Amino acid sequence: MKRAAYASLICLFTIVFFTTVGMAQVEEMAIGKTFGVGARTMGMGGASLGLADDFTALYWNPAGMAQIQKFEFFSSLSHNVAIADTYFTGDAVKTTTSRSQMRLNSIGFVYPLETRQGGLAVGFGYNRPQNFDYQTAVQGIDPGSGTDFSGFAVDEMNINSGGIGIWSFGASVYVTKQVLVGGSLDFWHGNSLNELDTEATDTLNVDNEWLRFRYDDEVDREYSGVGGRIGLLAHLTDTINLGLTLVAPVELGVDEVWYQSTVDVFDDGEKATDSTSGAQTYDIERPFEIGVGAAVKLFNKQLILAGDVQLTDWTQTRYDPAPADDIPKNNFEEYYATTLQVRLGAEYQIPIIATHIRFGYLRDPIPFRYTEVDTHDFLTAGVGKIFEDSLKLDVTYVLGGWAQESNDVKTENLTHRVFMSAAYRF
């Protein structure tokens, strides 16, 4: 009887804790999760489609590269601290955990070429727009009712790491004195590692047979794909710019390796263990993304105001083939939504000391429908300094916070991000 009960409880436990304690497990890791690229741009909340005047234009709006009149070498680092407070609803005791990671954010160059009229520039390099470094933990008595784990003491740790970067080659050209067009060929590559360790113990003796259950799950993925983007930048007047970008669909190949193990301990000392592993390959077909932005330069161009919106219909995403038998063909149509990302920013130049100060706001909607929180909101602030018209250093701080609740578990998230960029032109 215990062996039969053990098999059924294994299945039940997987369902309960994947959908109750570890809600993020049912969301596709590679969808959404905008992190940001470049300290100057992120200081303005990511509003760059109407500016795009440094190397990161290769990612934001490749049309802007032709504005760069000198060879530019660019590099950027990011430091991310993600803090999560998690607790069972109605329980005042929180479990706090944090994950800190420094990563390469961008590196590359833009090379301007001489032309008879207008301008032409090519660029090559790497940008890392998605980040998966975060973790959550929950400890306490499961307050749920009607399941075999009600009243059990739960101790769970869910650790995620990795991200997705893009190697790009692009070009930009002035087609008229006021209009630039550009494009890039993008090579997507990245990885994600999810480690879920959960233990449930009958400390209150609510079950007359079962003492403890442990479940470990590890999913390791490698991502690769080829895509592209095109952009347009129009100088409507000497002080007003308009930018437009179109990101082409990407067929993101996924190589996945997974491992699961269970340990079941009964009151009489009997112990049962099991483990399984496997590997699979499938594609995630990402949809078109359309972005529109504008920038206005005021007070002899000392003040810049910028704003972008980016539309992505995540319901058009597809798995090919589905990574699991229980994922339907209309998975993304049912569980995902169309999002409109909003990016706003301002930059003011202090002429005497050749220093720029920046402020911004980023609203990044969550594409997954069935969650209690709809958006991630970020406030940004940055400063930049130019040395001898050739070396430019920028630093930006980004603060974001949000809360989400799933069944009996609530998580309050806080993220601190620092971007540090250096550009040298000669």
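Phe387 belongs to strand β16, which covers residues 375–387. In this predicted model, Phe387 counts as partly exposed because its relative accessibility is 37%, which lies between the limits of 20% for buried and 50% for exposed. Although Phe387 and Ile353 are separated by 34 residues in sequence, their C-alpha atoms are 9.7 Å apart in space.

**Paired strands**

Strand β18 takes part in two antiparallel pairings, of which the one with β1 is joined by 17 bridges and the one with β17 is joined by 16 bridges. Individual positions can be followed across both pairings: Asp85 stands opposite Glu412 of β18, while Gln404 has Thr411 of β18 as its bridge partner. As a general point, the side chains of a regular strand alternate between the two faces of the sheet.

**Pocket and cavities**

Rolling a probe the size of a water molecule over the atoms shows where empty space is left. The second largest pocket holds about 910 Å³ of space. Its lining consists of 32 residues, and the closest to the centre of the pocket are Arg40, Asp53, Ile386, Lys392 and Arg425. Two or more lining residues come from each of α2 (39–43), β1 (72–88), β14 (338–350), β15 (355–365), β17 (391–406) and β18 (409–425), and the largest share, three residues, is supplied by β17. The strands β1, β17 and β18 that were described above as paired are thus among the elements found in this lining.

How many cavities of 30 Å³ or more does the structure hold? There are two cavities of that volume or more. The largest cavity contains about 360 Å³ of space and is lined by 24 residues, with Thr34, Tyr59, Arg286, Glu289 and Gln310 lying nearest its centre. At least two residues of this lining are supplied by each of α3 (57–60), β3 (120–131), β8 (240–247), β12 (303–313), β14 and β15, and β14 gives the most, with three residues.

The second largest cavity has a volume of about 50 Å³, and its lining is made up of Arg40, Thr41, Met44, Ala47, Ser48, Leu51, Ala52, Asp53, Asp54 and Thr56. Arg40 and Asp53 appear in this list and are also named among the residues closest to the centre of the second largest pocket.

The table sets out the make-up of the three linings by residue class.

| Lining | Nonpolar | Polar | Charged |
|---|---|---|---|
| Second largest pocket | eight residues | 10 residues | 14 residues |
| Largest cavity | 10 residues | eight residues | six residues |
| Second largest cavity | four residues | three residues | three residues |

**Backbone geometry**

Most residues other than glycine have a negative phi, and most peptide bonds are trans. Against that background, three places in the chain deserve a careful look. Asp320 and Pro321 are joined by a cis peptide bond with an omega of about -10°, and Pro321 is located in the loop between β13 (318–320) and α4 (331–335).

Lys33, which is not a glycine, has a positive phi near 60° and sits in the loop between α1 (2–19) and α2. Is Lys33 buried or partly exposed? Lys33 counts as partly exposed, because its relative accessible area of 25% falls between 20% and 50%.

Ala52 also has a positive phi, of about 45°, without being a glycine, and is found in the loop between α2 and α3. With a relative accessible area of 1%, Ala52 is under the 20% limit and therefore counts as buried. Ala52 is also one of the residues that line the second largest cavity.

**The surroundings of His235**

His235 lies in strand β7, which spans residues 210–235. Why does His235 count as buried? Its relative accessibility is 17%, and therefore under the 20% limit. The side chain of His235 makes a polar contact of 2.8 Å with the side chain of Asn241. Leaving aside residues up to four places away in sequence, His235 touches Gln67, Tyr174, Gln178, Leu180, Ile240 and Asn241, so that Asn241 is both a contact of His235 and its partner in the polar contact.

How values were computed. Residues numbered from 1 in each chain as written. Predicted model: local features only at pLDDT ≥ 70, side-chain atom pairs only at ≥ 80, totals over all residues. Heavy atoms only, no water. 1 Å grid on protein atoms, 1.4 Å probe; cavity = no way out; pocket = protein on both sides within 12 Å on 5 of 7 lines; lining within 4 Å. Points joined across faces, edges and corners; volume = space filled by probe spheres on them. Helix = DSSP H or I, 4+ residues; strand = E, 2+ residues; numbered from the N terminus. Nonpolar A, V, L, I, M, F, W, Y, C, P; charged D, E, K, R; others polar. Pairing = 2+ DSSP bridges. Buried < 20%, exposed > 50% of the residue type's maximum accessible area, 1.4 Å probe, protein only. Polar contact = N/O pair within 3.5 Å; in protein donor to acceptor, adjacent residues only side chain to side chain. Contact = heavy atoms within 4.5 Å.
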